[in-house]
Amino acid sequence: MTLHHDKHHQAYVTNLNKAMEEQETLFQEGDVEKQIELQSKIKFNGGGHINHSLFWKNLAPANSPQTQGGKEVKGDISKTWGCFKAFEGNLTEALNGIQGSGWGWLVKHPDGSLTIETTSDQDPITHGVPLLGIDFWEHAYYTQYYNNKAKYIENIYQVINWEEVEMRWNGTAEELKLSDN
């Protein structure tokens, strides 16, 4: 995870900052065409930064109090999917359905409902509140698990910070401050 954090996530931050600076220059120059061209870089790198900032908060050491917490959100999850194991099964199925690279999400909607969703590449969740994000890019698992995605999924469930997920679920989590990364 050190390589993942220090190299991959940092690259999203560096490239986002560069694109934002370039956008400001293009805005001052009035070059709308080049500003539009730049949007895909901002979306990709901004999404990578947002997604990873949440991802790190969603992880804790295995068997720590944080991985054992989240009783209320786990209750809501069990109510939604029938039981917690069914939720994990559905999330695993969604992750395995990702073609190429992407993310698996547990999302809370304004009406309080929960859904499992996936996004491609570094696209962030732009509706509802992303409670849990699982990075399913090769860089997230390959150095440790090679192509054994099933083992990565099995083990990622052991390090989910359910206390953080619950704070996002009930609206008490600290806001992500992207400028701090």
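1. Helices α6 and α7 are roughly perpendicular to each other. This is a predicted model, and in it the axes of α6 (residues 138–145) and α7 (residues 149–156) cross at roughly 100 degrees. The two axes come within 10 Å. The label follows because angles of 65 to 115 degrees count as roughly perpendicular.

2. The contact between these helices can be listed by residue. On the α6 side it involves Ala140, Tyr141 and Tyr145; on the α7 side, Lys149, Lys151, Tyr152 and Asn155. By class, the contact comprises four nonpolar residues, two charged residues and one polar residue.

3. Within α6, the buried residues are His139, Ala140, Tyr141 and Tyr145. Ala140, Tyr141 and Tyr145 are also the α6 residues that meet α7. The helix is followed by Tyr146, which has a positive phi, near 55 degrees.

4. An unreviewed UniProt entry lists His4, His52, Asp135 and His139 under "binding site". These residues are spread over 136 residues of sequence, yet they cluster in space, with a largest C-alpha distance of 12.1 Å. The annotation comes from the record and may be inferred rather than shown by experiment.

5. His4, one of the listed residues, lies in helix α1 (residues 2–29). Its relative accessibility is 2%, so His4 counts as buried. Leaving out residues up to four places away in sequence, His4 touches His9, His52, Phe55, Trp56, Asp135, His139 and Ala140. Among these contacts are His52, Asp135 and His139, which appear with His4 in the UniProt list.

6. His139, also in that list, is located in helix α6. With a relative accessible area of 15%, His139 is buried; the cut-off for buried is under 20%. Its contacts, again without residues up to four places away in sequence, are His4, His8, Tyr12, His52 and Gln122. His4 and His52 are among them, and both are on the "binding site" list.

7. The protein chain is divided into domain 1 (1–58) and domain 2 (65–170). Taken over C-alpha atoms, the centres of the two domains are separated by 23 Å. In the contact between them, 16 residues of domain 1 meet 24 residues of domain 2.

8. UniProt, in an unreviewed entry, places the feature "domain: Manganese/iron superoxide dismutase C-terminal" at residues 72–167. Over this stretch the chain is 47% helix and 22% strand. The C-alpha atoms at the ends of residues 72–167 are 10 Å apart.

9. Asn45 is found in helix α2 (residues 32–57). At 7% relative accessibility, it counts as buried. The C-alpha atoms of Asn45 and Tyr12 are separated by 4.7 Å, although these residues are 33 residues apart along the chain. Asn45 touches Ala11, Tyr12, Asn15 and Leu16, not counting residues up to four places away in sequence. Tyr12 also occurs among the contacts of His139.

10. Gly97 sits in the loop between α5 (84–96) and β1 (102–108). It is exposed, with a relative accessible area of 51%, where exposed means over 50%. Gly97 and Thr118 are 21 residues apart along the chain, and their C-alpha atoms are separated by 8.8 Å.

Note on methods
Residues numbered from 1 in each chain as written. Predicted model: local features only at pLDDT ≥ 70, side-chain atom pairs only at ≥ 80, totals over all residues. Heavy atoms only, no water. Axes fitted to C-alpha atoms, helices over the stretch in contact; angles between N-to-C directions. Helix = DSSP H or I, 4+ residues; strand = E, 2+ residues; numbered from the N terminus. Parallel < 35°, antiparallel > 145°, perpendicular 65-115°, else oblique. Contact = heavy atoms within 4.5 Å. Nonpolar A, V, L, I, M, F, W, Y, C, P; charged D, E, K, R; others polar. Buried < 20%, exposed > 50% of the residue type's maximum accessible area, 1.4 Å probe, protein only. Domains from an automatic or database assignment.
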